[in-house]
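Please open the model in a viewer and keep the selection panel at hand. The tour below proceeds from the whole chain to individual side chains.

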Amino acid sequence: MAKNVLLGKEKERQVKEQQKIAKAKNKKKRRSPARFFKDIWNELKKVTWPTGKDLLSSTLAVIVFIVLVGAVIGLFDFGMHSLFSLITA
């Protein structure tokens, strides 16, 4: 029985050592702020930006949707207000 416990502790020690080694390998070096901003600029170059026409049509679609949802909520609010006025009056 003592031998089993010893093997268990030895295995646990090996696992901890392996974790330390893996952590050391995965540890990245710190980069300078200039490198950080250069990386950001390079990533922004990869972005596919919408054209002016696409941007305008998307913006108009969002505005129309907001107006419609606002109208629906306004009508619902007016209806509920009228209903509660009838109940409480």
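Begin with the whole chain in cartoon representation: read along the sequence, its pattern is α-α-α. The chain holds three helices and zero strands; here helices (H or I, at least four residues) and strands (E, at least two) are DSSP runs, numbered from the N terminus. This is a predicted model, in which local features need pLDDT of at least 70 and side-chain atom pairs count only at pLDDT 80 or more, while totals for chains, interfaces and linings use all residues. Residues are numbered from 1 along each chain as its sequence is written, and side-chain values use heavy atoms, with hydrogens and water left out.

Next, colour the chain by pLDDT, the predictor's confidence in each residue, from 0 to 100. The mean for the chain is 87, and 90% of its residues reach 70 or more. Where in the chain is confidence lowest, and where is it highest? The lowest mean, 75, belongs to α1, and the highest, 97, to α3. Where pLDDT is low, the predicted coordinates should not be read in detail.

Now switch to a surface representation. The chain exposes about 9100 Å², of which carbon and sulfur atoms supply 69%; accessible areas come from the Shrake-Rupley method with a 1.4 Å probe, and for residues only the protein chains shown count as cover. Of the 89 residues of the chain, 0% count as buried. The classes used are buried (under 20% relative accessible area), exposed (over 50%) and partly exposed (in between), with a 1.4 Å probe and protein chains only.

**Salt bridges**

Return to the cartoon and display the charged side chains. A salt bridge is a side-chain nitrogen of Lys or Arg within 4 Å of a carboxyl oxygen of Asp or Glu. A search of the whole structure finds five of them.

Select E10 and R13 in helix α1 (residues 2–26), which lie three residues apart, about one helical turn. Their closest N and O atoms are 2.3 Å apart, and the two residues form a salt bridge. E10 is partly exposed, at 34% relative accessibility, and R13 is also partly exposed, at 40%. Add E17 to the selection: E10, R13 and E17 are linked in a network of salt bridges.

Move on to helix α2 (residues 33–46) and select R35 and D39, which are four residues apart and so separated by about one helical turn. This pair forms a salt bridge with closest N and O atoms 3.5 Å apart. Both partners are partly exposed, R35 with a relative accessibility of 37% and D39 with 23%.

Stay in helix α2 and select K46 and E43, three residues apart, about one turn of the helix. Their side chains meet in a salt bridge of 3.3 Å, N to O. Which of the classes applies to each partner, K46 and E43? K46 counts as exposed, at 60% relative accessibility, whereas E43 is partly exposed, at 47%.

**Nonpolar surface and aromatic rings**

Select F36, F37, I40, W41, L44, V47 and W49 together, with the surface shown again. These residues form a nonpolar patch on the surface, with about 770 Å² of accessible area together. Patches are made of residues with over 30% relative accessible area and no salt bridge; like charges are joined within 9 Å, and nonpolar side chains (Val, Leu, Ile, Met, Phe, Trp, Tyr) within 5 Å. Within this patch, centre the view on W49, which sits in the loop between α2 and α3 (52–88). W49 is exposed, with a relative accessible area of 59%.

Finally, turn to the rings. Rings of Phe, Tyr and Trp (its six-membered ring) pair if their centres lie within 6.5 Å; planes under 30 degrees apart count as stacked, over 60 as edge-to-face and the rest as tilted. The count by this rule comes to one aromatic pair. Select F36 and F37: they form an edge-to-face pair, 5.3 Å centre to centre with 75° between the planes. F36 is partly exposed, at 49% relative accessibility, and F37 is exposed, at 54%.
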